[in-house]
Amino acid sequence: MASRAGPRAAGTDGSDFQHRERVAMHYQMSVTLKYEIKKLIYVHLVLWLLLVAKMSVGHLRLLSHDQVAMPYQWEYPYLLSVLPSLLGLLSFPRNNISYLVLSMISMGLFSIAPLIYGSMEMFPAAQQLYRHGKAYRFLFGFSAVSVMYLVLVLAVQVHAWQLYYSKKLLDSWFTSTQEKKHK
């Protein structure tokens with residue numbers, strides 16, 4: 001065996017590293033996908049906290065009605081969107097497939113569905129703003145419908161990527177369990 005400072009082992013030219021064990025690809029994928037999903041969950045939590053803050057200020061009337069409008073109806077069920085993210089985080093330590101599947105299903109119900117409803121609920125106000133330049137709800141001087149559509153678009157992207165990576169992670173976990181069954 002060669003040391004860093006000593007000569008190379010006899011009978012080798014340094015090209016015999018091919019036989020060494022490597023980490024299987026599905027394990028590498030699992031770690032990478034978990035990291036990506038965690039980043040998306042943290043972005044979702046930031047959006048969620050901003051929405052909670054906006055709703056709290058609107059309901060508690062901490063600022064005038066001209067500064068912060070009352071929440072739209074879709075914002076209430078969207079508050080439950082934190083549950084799928086927590087289920088997703090709980091599935092990571094032991095690669096729990098059941099929690100990940102529940103997370104994906106509940107993401108459709110508690111995250112994507114309220115966002116679709118929100119886009120339909122705010123559409124007439126957006127149309128009014130676009131056609132006539134009139135806004136009736138405001139967030140710190142900006143049209144509330146414009147700001148909330150921006151939040152909605154960001155949330156849709158976050159949840160869509162989260163679902164995509166979760167599906168890839170689920171496939172990676174199934175690959176690893178299938179290989180264990182064949183051994």
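Helix H1 is the biggest contributor to the lining of the largest pocket, giving six residues. Keep in mind as you look around that this is a predicted model. The pocket itself has a volume of about 330 Å³. Of the 14 residues that line the pocket, Leu50, Lys54, Leu139, Phe140 and Val147 are the closest to its centre. Two elements give two or more residues to the lining, namely helix H1 (25–60) and helix H5 (144–182). As for chemistry, the lining breaks down into 13 nonpolar residues, one charged residue and no polar ones. Lys54 counts as charged because Asp, Glu, Lys and Arg are put in that class, and Lys54 is also among the residues closest to the pocket centre.

Now step back to the whole chain. There are five helices and two strands, and going along the sequence you meet them in the order α-α-α-α-β-β-α. Of the 183 residues, 31% count as buried. If you look at contacts with a separation of 6 or more, 74% of them join residues that are 24 or more positions apart.

Back to H1, which is a good place to start walking. H1 has 36 residues and runs 52 Å from its first C-alpha to its last, close to the 52 Å expected at 1.5 Å a residue. At its beginning sits Met25, a residue of helix H1. Is Met25 buried or exposed? Met25 is exposed, with a relative accessible area of 55%. Its C-alpha lies 8.9 Å from that of Ser172, although the two are 147 residues apart in sequence.

At the other end, H1 is followed by Arg61. Here the backbone does something worth a look: Arg61 has a positive phi of about 55°, yet it is not a glycine. Most residues other than glycine have a negative phi. Arg61 belongs to the loop between H1 and helix H2 (75–78), and with a relative accessible area of 59% it is exposed.

There is a second spot of this kind further along. Asn95, again not a glycine, has a positive phi of about 50°. You'll find Asn95 in the loop between helix H3 (82–91) and helix H4 (97–132). Why does Asn95 count as partly exposed? Its relative accessible area is 29%, and partly exposed means a value between the 20% and 50% cut-offs.

Carry on into helix H4, where Ala125 lies. Ala125 is partly exposed too, at 33% relative accessibility. Across from it is Ser146: the two are 21 residues apart along the chain, and their C-alpha atoms are separated by 9.3 Å. After H4 comes a loop leading to strand S1 (138–139), and Tyr136 is in that loop. Tyr136 is exposed, with a relative accessible area of 60%. Its C-alpha is 9.0 Å from the C-alpha of Ala69, a residue 67 positions away along the chain.

That brings us to helix H5, home of Ala155. What does the accessibility say about Ala155? Ala155 is buried, at a relative accessible area of 3%. Leaving out residues up to four places away in sequence, Ala155 touches Leu47, Tyr78 and Leu115. Ile112 is 43 residues from Ala155 in sequence, and the two are 8.7 Å apart in space, C-alpha to C-alpha.

Finally, it's handy to lay the database record over the model. UniProt, in an unreviewed entry, places the feature "transmembrane region" at residues 41–64, 99–117 and 138–160. How much helix does the model have over residues 41–64? That stretch is 83% helix and 0% strand, and its end C-alpha atoms are 32 Å apart. Over residues 138–160 the chain is 74% helix and 17% strand, with the end C-alpha atoms 28 Å apart.

Definitions and conventions:
Residues numbered from 1 in each chain as written. Predicted model: local features only at pLDDT ≥ 70, side-chain atom pairs only at ≥ 80, totals over all residues. Heavy atoms only, no water. 1 Å grid on protein atoms, 1.4 Å probe; cavity = no way out; pocket = protein on both sides within 12 Å on 5 of 7 lines; lining within 4 Å. Points joined across faces, edges and corners; volume = space filled by probe spheres on them. Helix = DSSP H or I, 4+ residues; strand = E, 2+ residues; numbered from the N terminus. Expected span 1.5 Å × (residues − 1). UniProt positions renumbered as here; feature names shortened; annotations may be inferred. Buried < 20%, exposed > 50% of the residue type's maximum accessible area, 1.4 Å probe, protein only. Contact = heavy atoms within 4.5 Å.
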